[in-house]
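I opened this notebook to record what I looked up, beginning with charges and rings and going on to strands and cores. Each entry keeps to one topic.

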Amino acid sequence: MKQRELKAWRERQRWFAFMLVLDVLWSGASAQIRYSISEEIQDGTVVGNIAKDLGLDKSALKDRGYRIVTGSTEPLFQVNQNDGILYVKRRIDREEACERSSPCLINLKTVLENPLEIHYVAVEILDINDHSPAFSEKEKKLEISESALPGTKFQLQAARDPDVGQFSIQQYTLSHNEYFRIEVKDRGEDRKVPFLVLLKQLDRETAGKHKLRLTAVDGGKPAKSGAIEIIVDVLDINDNSPVFTKEFYSATLKENVPVGTVVIQVNATDLDQGANGEVIYSFGNEVDSKLMDLFSIDPNTGEIHVTGQIDFEKSKSYEIDIKASDKGPVPLTTDRSVMITVIDVNDNAPQIEVTSFSSSIREDSKIGTTVALISVSDLDSGINGKVICAISQDVPFTLSPSLQENMYAVVTKSQLDRESISQYDVTIIAKDTGDPSFSTEKTISVVVSDVNDNSPEFSSSPYTFYIKENNSPGASVFSVKANDRDESDNALISYHILRDASGDNKLTSFLNINTENGDISALKSFDFETLKTFQFQVVATDSGTPSLSSNVTVNVFILDQNDNAPVILYPVSSNGSAEGVEEIPRNVNAGHLVTKVRAYDADIGYNGWLLFSLQQVTDHSLFGLDRYTGQIRTLRSFTETDEAEPKLVILVKDNGNVSLSATATVIVKLVEPKEAFAASDVKSATKNDEESNVTFYLMITLGSVSTLFLISIIVLIAMQCSKTTDYTSKYLQDTNYDGTLCHSIQYRSGDKRYMLVGPRMSIGSTIVPGSHANTLVLPDKRRTSVEVRHI
């Protein structure tokens, strides 16, 4: 019958182990659920469906990393990320998890990431009657004097039962006898101490020894029990027991006091004389060994001393049983309790726990974005355990208190900029309010991730490049470079040339740009004589989403190369060769102008500056050549012995690095004065016609140049007023044009200006506009001119 009842009770116990008590407490963004399970249930037992009870979306649990925040010890529970069911992970022993605490609550923190969400789950471990009461000894001997009076109490060893509540020890029973009964004193926390109470005076002569059986019974169904044998030896005669001066002793003691500190002194007296009246003190029989590691008592003075480390966080009070005994042949004892209350001192620093942490945050995150969730605690109590949290340094983060006590969120307080600071070391300081106060620091590193918020920036704006004409087609001529302050794909730059959809800027079709490095190559050769300058735009685009871009203007100036040889304008024969015959009277004096060799060069600057020299002459003493103007004059008068038709070969050479040249042949024919006069009439008529034509063209040229010059001055004044400049770089000619087109424009890059160089100017000489020399200096603003082609 009892076995069937026991089996039925166990079945009910297992059934109750799966019964859940759900207590949902909602508080803001977090919630707390409370379940109840019995100890010793099997691994894998379902505790409850957290997702269902909280109303969470089961499909999002795994993606949001639903988990239980655990410490260093192996967790007792686990949660299924697919359905949110809480399981028992390993066998739970309530006595191991909570000792004698009641109720036995295991608090779990569960966290959902992205966005952060924390829920608290409390699991109450219900006790089952899995332990029997037990005594530390199988047998206990007591010595009781026959003079002990009825009602005298003798404290016995209490049994221990790890179970709590109704399953702890409920009563003690004593085997039947006529001299003793049992009395139980409740000390709290399921601790019942048995006392043996004398019913009537003992008589050693009648019975010198009594054997009793003390049984401890718990409240289980069926009840469990444990027993101890008590042997009472009856002693004779010391009939006065020590008497304490107080019925109850109490003291206060600060934790961490030095070893040897006197806590309290107890005092007892004995009315007997001699050894029977001398009192010694000791701890009671039931004092725990842990207490004896912390305290000691002087057997002669009754002073209680500190012998170990007193820690308020381990125990807030101690109750010690003190025994006073006399030294009689049969010692008499009296018991008293000493209550020692421990006063907390601030000896524990706060602790910071990072519950959840996102190590990376986008730089465009809104103010108030949560980076981490932290909790703080302090083992001290009162003001010693009150913690204040703050962030130590000046960073764009702050602490936001949570609805849950001692929990904070680290959130952004201002906008982030990765290009200014890409990583922050955020130091959190937790400080208690004790005196002196303790503080703890914890540093978390927050990396600011990049977003595409910076456009590419060119290293120069605008770009100005100089290219020599006759460049090799397809070769790189110059390069542009842009940088992006972003990183990764957001900083990966590609280049392209901005081409006009209308097709007006045809020159851009002859340019190609490397999209990766910005190298620009020309697909054709440039000719300075055709094109002197142009401009276009390059666009740099990053690879971010969405992409950002910027453009820059590129100004290109074509530099002249000496690629044109001088051309002889005079003398020119009928068949097109540079050869002519000049007739002069034989009686001319020294310095007579024989003729002038005229030539021009299509190049500019030094490349177009022509010099004349005699390459071949019959008599060097007879003729002289002006190297700048090409004029041939006589050096002396002619004699009868001079050759009748001397021949001069004139070399015309430009001033390029590799100079180019041409030659002209002049044959001087000496005639008698009458013949020369007649010939000169005919020749002068012809020459007058030629020179009249030259004069006509010269007047047209000078008129055009003057007009352009006046227009340029007007435009220059207008553009200066509007903060823009426009200069002309037309070829200018000397008003005293003598037929030799050796004027040229030279660009000085060091002076940033164009120069008009004439044949009578030495290299490097300059004059201001308005002078009558042959060189005109023009400012170079590199913007637009009459000869600039825009693309």
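Entry 1, charges over rings. Before looking I fixed the criterion: a charge sits over a ring if NZ of Lys or CZ of Arg is within 6 Å of the ring centre and within 35 degrees of the ring normal. I also note that I am working with a predicted model. With that criterion I found the charged end of K524 over the ring of F510, at 4.5 Å from the ring centre. I then found R598, whose charged end sits over the ring of Y570 at 5.6 Å from its centre.

Entry 2, aromatic pairs. How many aromatic pairs does the structure hold? I count 14 of them, and I looked at one, F465 with F478, which is stacked with 4.3 Å centre to centre and 5° between the planes. F465 belongs to strand β34 (residues 463-468) and F478 to strand β35 (residues 476-479), so this pair ties together parts that are 13 residues apart in sequence. I checked burial for both partners: F465 is buried at a relative accessible area of 15%, and F478 is buried at 6%.

I next looked up W609 and Y628, whose ring centres are 6.4 Å apart with the planes at 15°, so I enter this pair as stacked too. W609 lies in the loop between β45 (598-600) and β46 (611-617), while Y628 lies in the loop between β47 (623-625) and β48 (631-634), so the pair ties together parts 19 residues apart in sequence. Is each partner buried or partly exposed? W609 is buried, with a relative accessible area of 3%, whereas Y628 counts as partly exposed at 33%.

I also recorded one aromatic cluster, formed by F458, Y463, F465, F478, F526, F534 and F536.

Entry 3, an open sheet. I traced four strands in the order β43-β50-β49-β46, an open sheet with mixed pairing. Why is one side of β43 and of β46 left without a neighbour in the sheet? Both β43 (579-585) and β46 stand at the edges and each has a single partner strand, so one side of each stays without a neighbour. The twist from one strand to the next averages 30°. I followed the pairing of β43 with strand β50 (residues 661-671), which is parallel over seven bridges, and noted V581 opposite I667 in β50.

Entry 4, strand β23. I found this strand (residues 317-326) mostly covered, with eight of its ten residues buried. Strand β20 (residues 279-283) is joined to β23 by five bridges in the antiparallel sense, and V279 stands opposite D326 in β23. Nine bridges, again antiparallel, join β23 to strand β24 (residues 333-343), where I340 is the bridge partner of Y318. A hairpin through six residues joins β23 to β24.

Entry 5, nonpolar cores. Which residues touch the most other members of the largest nonpolar core? In this core of 28 residues they are F295 and I322. The elements that each supply at least two residues include α4 (289-294), β20, β21 (295-297) and β24, but β23 gives the most, with four residues. I then listed contacts of I322 beyond four places away in sequence, among them F244, V266, F283, I297, I304 and V338. A second, separate core has 27 residues, including I493, I513, A522 and I604.

Key. Residues numbered from 1 in each chain as written. Predicted model: local features only at pLDDT ≥ 70, side-chain atom pairs only at ≥ 80, totals over all residues. Heavy atoms only, no water. Phe/Tyr/Trp six-rings, centres within 6.5 Å; stacked < 30°, edge-to-face > 60°. Buried < 20%, exposed > 50% of the residue type's maximum accessible area, 1.4 Å probe, protein only. Pairing = 2+ DSSP bridges. Axes fitted to C-alpha atoms, helices over the stretch in contact; angles between N-to-C directions. Core = buried A, V, L, I, M, F, W, Y, C linked by side-chain atoms within 4.5 Å. Contact = heavy atoms within 4.5 Å.
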